[in-house]
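Here is a set of exercises to work through with the model open beside you. Try each task before you read its solution.

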Amino acid sequence: PLTYVTAFKEGYAPSNMIMDVPTTFPGGVGQPDYSPVNYDGKYRGPIELRYALGNSINIVAVKLLGLVGIRDVLRMGYDMGIATFEPTKENLSRVGLSLTLGGGEVRFLELSGAYSAFANGGKKVLPIAILKVEDKNGKVLEEFKPRDGKQVLTPEQAFLISDILSDNQARAEVFGLRSALVVPGRTVAVKTGTTNDRRDNWTIGWTQGQVITGVWVGNNDNSPMTEVSSGVTGASPIWRRIIQTALKDKPNVSFAVPDGIESIDVDALSGYPAHDGFISRRDYFIAGSVPNDDDPIHAK
């Protein structure tokens with residue numbers, strides 16, 4: 001999500017198409033080449049960013065990071081609250097294109113806090129552990145008063161990420177339509193993650209301005225897990241039960257469309273504005289990012 005929201009900031013849109021094909025990235029002087037693979041070992045050819053993010057397609061994420069730049073994604077993550085992503089010279093020399101797949105270590109609480117900006121119109125909410133302190137008679141000695149967080153994203157950028165990650169159709173190819181990521185009767189955005197060595201497995205999900213829940217699964221001694229193969233089988237069932245309970249007495253809230261968002265019909269293959277009667281679908285754009293030229297990809 002940090003890579004994709006950086007791309008949206010820089011003019012990309014959910015309907016932009018990138019090729020999901022075997023790709024080798026030059027490693028640079030003295031470094032080995034980098035050939036990422038998708039989690040399921042499959043390649044899908046042309047795929048739009050909405051479906052690449054929804055289905056956690058690794059190769060597209062790496063390509064997108066290469067297009068927007070490692071420095072920009074580190075800066076985005078740091079501004080959103082991830083201290084280990086400070087774009088210093090040392091960090092820039094330490095991380096590479098695997099950053100977007102977990103190649104840069106983060107603290108889970110900071111990652112959950114960063115994702116809170118997606119749930120709050122671009123405002124980051126700091127995690128607070130102690131909400132209230134009372135004495136033995138019930139007198140309130142200290143109490144936390146919620147306040148608006150720092151604006152780290154525009155409402156439009158935050159909306160695009162939440163809209164994609166709450167779109168069950170966008171993730172159906174890999175996760176199916178009835179996965180643990182679906183919360184019946186609720187509009188919930190959710191992202192999973194698993195490290196290649198199966199040491200870390202997590203799920204973070206949120207609703208519009210109500211609740212964000214993060215669950216990490218792993219072994220205390222950092223040894224690989226044997227029974228957990230993905231975010232759906234590990235953290236997600238736990239996450240689902242927690243967020244269902246947290247939302248029990250709250251209304252269902254959809255992600256509000258900000259004023260700076262446009263909606264148009266796009267070609268289902270290329271993502272350019274619909275044309276020539278080809279199969280199309282509806283998608284969102286940040287105002288000013290709708291392509292004006294003719295479709296160079298899917299021509300009649």
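Is Y34 buried, partly exposed or exposed? Y34 is partly exposed, because its relative accessible area is 25%; buried means under 20% relative accessible area, exposed over 50%, and partly exposed in between, with a 1.4 Å probe and protein chains only.

A word on conventions before going on. This is a predicted model, in which local features need pLDDT of at least 70 and side-chain atom pairs count only at pLDDT 80 or more, while totals for chains, interfaces and linings use all residues. Residues are numbered from 1 along each chain as its sequence is written, and side-chain values use heavy atoms, with hydrogens and water left out.

**Exercise 1. Aromatic pairs**

Task: Find the ring partner of Y34 and classify the pair, then do likewise for Y115 and W206.

Solution:
- Step 1: Recall the rule. Rings of Phe, Tyr and Trp (its six-membered ring) pair if their centres lie within 6.5 Å; planes under 30 degrees apart count as stacked, over 60 as edge-to-face and the rest as tilted.
- Step 2: Search the whole structure, which gives 7 aromatic pairs.
- Step 3: Y34 pairs with F25 at 6.4 Å centre to centre, and with 35 degrees between the planes the pair is tilted. F25 is buried, with a relative accessible area of 14%.
- Step 4: Y115 and W206 have ring centres 5.7 Å apart and planes at 70 degrees, so this pair is edge-to-face. Because Y115 sits in helix α6 and W206 in strand β8, the pair ties together parts that are 91 residues apart in sequence. Helices (H or I, at least four residues) and strands (E, at least two) are DSSP runs, numbered from the N terminus.
- Step 5: Both of these residues, Y115 and W206, are buried. Ring pairs link them with F108, F118 and W202 into a cluster.

**Exercise 2. The nonpolar core**

Task: Which residues of the largest nonpolar core touch the most other members?

Solution:
- Step 1: A nonpolar core is a set of buried Ala, Val, Leu, Ile, Met, Phe, Trp, Tyr and Cys residues joined through side-chain atoms within 4.5 Å.
- Step 2: The largest such core has 46 residues, and Y4, M80, L153, I161 and W206 touch the most other members.
- Step 3: Elements that give two or more residues to this core include α1 (2–9), α4 (70–79), α6 (108–119), α7 (155–165) and β8 (201–206).
- Step 4: Take L153 as a case. Leaving aside neighbours within four places in sequence, L153 is in contact (heavy atoms within 4.5 Å) with V5, M76, M80, A117, F118, G121, G122 and A158.

**Exercise 3. Helix α1 and two helix crossings**

Task: How many of the residues of α1 are buried, and how do the axes of α1 and α4 cross?

Solution:
- Step 1: In α1, 7 of the 8 residues are buried, so this helix is largely enclosed by the rest of the structure. The buried residues are L2, T3, Y4, V5, T6, A7 and F8.
- Step 2: These buried residues pack against α2, α3, α4, α6, α7 and β11.
- Step 3: The axes of α1 and α4 come within 9 Å and cross at roughly 105 degrees. Axes are lines fitted to C-alpha atoms, for helices over the stretch in contact, and angles run from 0 to 180 degrees between N-to-C directions.
- Step 4: Angles under 35 degrees count as roughly parallel, over 145 as roughly antiparallel, 65 to 115 as roughly perpendicular and the rest as oblique. α1 is therefore roughly perpendicular to α4.
- Step 5: L2, T3, V5, T6 and K9 of α1 make the contact with D72, V73, M76 and G77 of α4.
- Step 6: For α6 and α7, the axes come within 7 Å and cross at roughly 100 degrees. These two helices are therefore roughly perpendicular too, and A117, F118 and A119 in α6 meet A158, I161 and S162 in α7.

**Exercise 4. Residues in one loop**

Task: Where is S270, and what does its side chain reach?

Solution:
- Step 1: S270 is in the loop between β10 (261–267) and β11 (280–286).
- Step 2: S270 counts as buried because its relative accessibility is 2%.
- Step 3: Its side chain reaches the backbone nitrogen of Y272 at 3.2 Å.
- Step 4: Not counting residues up to four places away in sequence, S270 touches S15, M17, E48, D295, I297 and H298.
- Step 5: D276 also has its place in the loop between β10 and β11. D276 is partly exposed at 47% relative accessibility, and has a positive phi of about 55 degrees although it is not a glycine.

Note on methods. Polar contact = N/O pair within 3.5 Å; in protein donor to acceptor, adjacent residues only side chain to side chain.
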